[in-house]
Amino acid sequence: MSEERPTPDASEKEAAEEVRATDADAWSTACAEDLEAERARRRAEYGPPPGSAAEELRKLVDAVADKLSGLQSPLLGAVAGPAAQQVVRQVVQQAKAAVEPVIERNPDVFDHLAAAGNELLAAYRSAVQAQEQRWTSRTADPKDRGEGSGPGERIDLD
């Protein structure tokens, strides 16, 4: 005796598809909420995430400009101090004026340069780690002091 399942009618199929669509939306909504909660937790713990490379360069230029503008020059004395300060401020403003248009026109270039720098650093680390492994994996065999594999024996004169 076989059991036959009744065939669902069109309204039942639509309801099942709506439930699946709602479940999929619920899943994506829950994932988005979890992701946003994790981002908020990280912001609270570590501070705001770094911006693009262009924004970071702009912040660096501003910080250096502020430091240079605030320096007092003990070498120039009290007489030349205000004039030297004015020259430093002028040079800083000119440097900022030269850098700012480059950053505005090419913000993606700085992101690519930062990525290239990270790749170069990773390649360097890999090379150094491989060399360190070769150095540290050598066995300290007292008989293996010679440079070659010739038939002669090395005599230590020390």
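## A nonpolar patch on the surface

On the surface of this protein, Leu 60, Val 64 and Leu 68 come together as a nonpolar patch, and their accessible area adds up to about 250 Å². Keep in mind as you look around that this is a predicted model.

Let's pick out one member of the patch. Val 64 sits in helix H2, which covers residues 53-70. Is Val 64 buried, exposed or partly exposed? Its relative accessible area is 43%. Partly exposed is the class between 20% and 50%, so Val 64 counts as partly exposed.

## The chain as a whole

Now step back to the full chain. How many helices and strands does it have? There are four helices and zero strands, so reading from the N terminus the order of elements is α-α-α-α.

Of the 158 residues in the chain, 5% are buried. The chain exposes about 14100 Å², and carbon and sulfur atoms supply 57% of that area.

Contacts tell you about the fold too. Taking those between residues at least 6 apart in sequence, 53% link residues at least 24 apart.

## Where H2 meets H4

Helix H2 has a partner to look for: helix H4, made of residues 107-137. The axes of H2 and H4 come within 7 Å and cross at roughly 95°. Angles of 65 to 115 degrees count as roughly perpendicular, and H2 and H4 are therefore roughly perpendicular to each other.

Which residues make this contact? From H2 they are Ala 53, Ala 54 and Leu 57. On the H4 side, Pro 107, Phe 110, Asp 111 and Ala 114 take part.

Key
Residues are numbered from 1 along each chain as its sequence is written. This is a predicted model: local features need pLDDT of at least 70, side-chain atom pairs count only at pLDDT 80 or more; totals for chains, interfaces and linings use all residues. Side-chain values use heavy atoms; hydrogens and water are left out. Patches are made of residues with over 30% relative accessible area and no salt bridge: like charges are joined within 9 Å, nonpolar side chains (Val, Leu, Ile, Met, Phe, Trp, Tyr) within 5 Å. Accessible areas come from the Shrake-Rupley method with a 1.4 Å probe; for residues, only the protein chains shown count as cover. A salt bridge is a side-chain nitrogen of Lys or Arg within 4 Å of a carboxyl oxygen of Asp or Glu. Helices (H or I, at least four residues) and strands (E, at least two) are DSSP runs, numbered from the N terminus. Buried means under 20% relative accessible area, exposed over 50%, partly exposed in between (1.4 Å probe, protein chains only). Contact means heavy atoms within 4.5 Å. Axes are lines fitted to C-alpha atoms, for helices over the stretch in contact, and angles run from 0 to 180 degrees between N-to-C directions. Angles under 35 degrees count as roughly parallel, over 145 as roughly antiparallel, 65 to 115 as roughly perpendicular and the rest as oblique.
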